[in-house]
Amino acid sequence: MDVLNLPAYQYKIRQNDGKQEIFDPIRRKYIALTPEEWVRQHFIHYLHIVKAVPLTLITVEQELVYNSMKRRSDIVVYSNKGVPALMVECKAASVEITQKVFDQVARYNLTMKVPFLVVTNGLRHICCKIDFEKSSYSFLEEIPDYRQMVIT
């Protein structure tokens with residue numbers, strides 16, 4: 001797997017029927033180790049360890065409905081009151097972060113109304129803050145820590 005622009009951690013990988021799986025602490029089970037899952041698991045670790053997000057307030061592959069179609073958000077962070085605070089779209093390291101990729105998470109956010117959006121391929125991370133009152137957004141230099149996410 002690719003070396004990412006995220007902190008390394010002690011992940012658990014196993015072989016199952018000839019395929020690699022990685023342990024997901026959110027779903028509490030082993031998941032097929034795809035390039036996108038590699039990024040997702042590193043980003044979960046980053047959110048938990050570096051940004052102080054409690055694991056119990058992170059969801060993975062949460063279902064949402066957009067234009068009458070079921071979709072899944074890669075990662076959503078909630079406040080301790082159950083309000084979505086940050087949504088992350090993960091791509092494999094080989095996928096370039098383009099406007100099209102960013103638009104995907106922005107469309108999903110029309111349903112979720114999350115104030116912070118992140119798109120990452122594990123090498124590059126783009127974060128923006130949404131101002132729903134002004135119908136605008138601003139790109140941030142850094143991904144906020146948990147307290148900053150939930151105060152907004």
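Two strands are said to pair if DSSP finds at least two bridges between them. The legends below use the word in that sense, and the structure they describe is a predicted model.

**Figure 1. The hairpin of β1 and β2.** Strand β1 covers residues 13–16 and strand β2 covers residues 19–24; the two run antiparallel and are joined by 4 bridges. One of the facing pairs is Asn16 with Lys19 of β2. The hairpin leaves 2 residues between its strands, and Asp17 lies in the turn. Phi of Asp17 is positive, near 50 degrees, in a residue that is not glycine. Most residues other than glycine have a negative phi. Asp17 counts as exposed because its relative accessibility is 76%, where exposed means over 50%.

**Figure 2. The hairpin of β2 and β3.** Strand β2 also pairs with strand β3, residues 29–32, in the antiparallel sense over 4 bridges. Within this pairing, Phe23 has Tyr30 of β3 as its bridge partner. Here 4 residues lie between the strands, and Arg28 takes a positive phi near 55 degrees.

**Figure 3. The whole chain.** The protein chain holds 3 helices and 9 strands. Along the sequence these elements follow the pattern β-β-β-α-β-β-β-α-β-β-β-α. The C-alpha atoms fill a box of roughly 50 × 30 × 30 Å along the principal axes. The radius of gyration of the chain is 15 Å, which agrees with the value near 15 Å for a compact globule of 152 residues. Buried residues make up 45% of the 152 residues. Among contacts with a separation of 6 or more, 49% join residues 24 or more positions apart. The accessible surface of the chain comes to about 8800 Å², and carbon and sulfur atoms account for 50% of that surface. Of the charged side chains, 20 are positive and 17 are negative, and the centres of the two sets lie 5 Å apart.

**Figure 4. Strands β6 and β7.** These two strands pair in the parallel sense over 5 bridges. In this pairing, Val88 has Val118 of β7 as its bridge partner. Strand β7 runs over residues 116–120 and is mostly covered, with 5 of its 5 residues buried. In a regular strand the side chains alternate between the two faces of the sheet. In β7, Phe116, Val118 and Thr120 are on one side, Leu117 and Val119 are on the other, and all of them are buried.

**Figure 5. The surroundings of Cys90.** Cys90 lies in strand β6, which covers residues 84–90. Cys90 counts as buried because its relative accessible area is 0%, and buried means under 20%. Leaving aside residues up to four places away in sequence, Cys90 touches Glu36, Val39, Arg40, Asp74, Ile75 and Thr120. Among these contacts, Thr120 belongs to the set of buried residues on the same side of β7 as Phe116 and Val118. The C-alpha atoms of Cys90 and Val119 are separated by 6.1 Å, although the two residues are 29 residues apart along the chain.

**Figure 6. Two loops, at Ser79 and Lys113.** Ser79 is found in the loop between β5, residues 69–78, and β6. Despite its place in a loop, Ser79 is buried, with a relative accessible area of 10%. Beyond residues up to four places away in sequence, Ser79 touches Leu57, Tyr146 and Val150. The second loop lies between α2, residues 99–112, and β7, and it holds Lys113. Lys113 is not a glycine, yet it has a positive phi of about 60 degrees.

**Figure 7. The hairpin of β8 and β9.** Strand β8 covers residues 125–131 and strand β9 covers residues 136–140; they run antiparallel and are joined by 5 bridges. Lys129 stands opposite Ser138 of β9. There are 4 residues between the strands of this hairpin, and Ser135 takes a positive phi near 50 degrees.

Methods: Residues are numbered from 1 along each chain as its sequence is written. This is a predicted model: local features need pLDDT of at least 70, side-chain atom pairs count only at pLDDT 80 or more; totals for chains, interfaces and linings use all residues. Side-chain values use heavy atoms; hydrogens and water are left out. Buried means under 20% relative accessible area, exposed over 50%, partly exposed in between (1.4 Å probe, protein chains only). Contact means heavy atoms within 4.5 Å. The radius of gyration is taken over C-alpha atoms; the globule rule is 2.2 Å times the number of residues to the power 0.38. Accessible areas come from the Shrake-Rupley method with a 1.4 Å probe; for residues, only the protein chains shown count as cover. Lys and Arg count as positive and Asp and Glu as negative; His and the chain ends are not counted. The place of a charge is taken as NZ of Lys, CZ of Arg, CG of Asp or CD of Glu.
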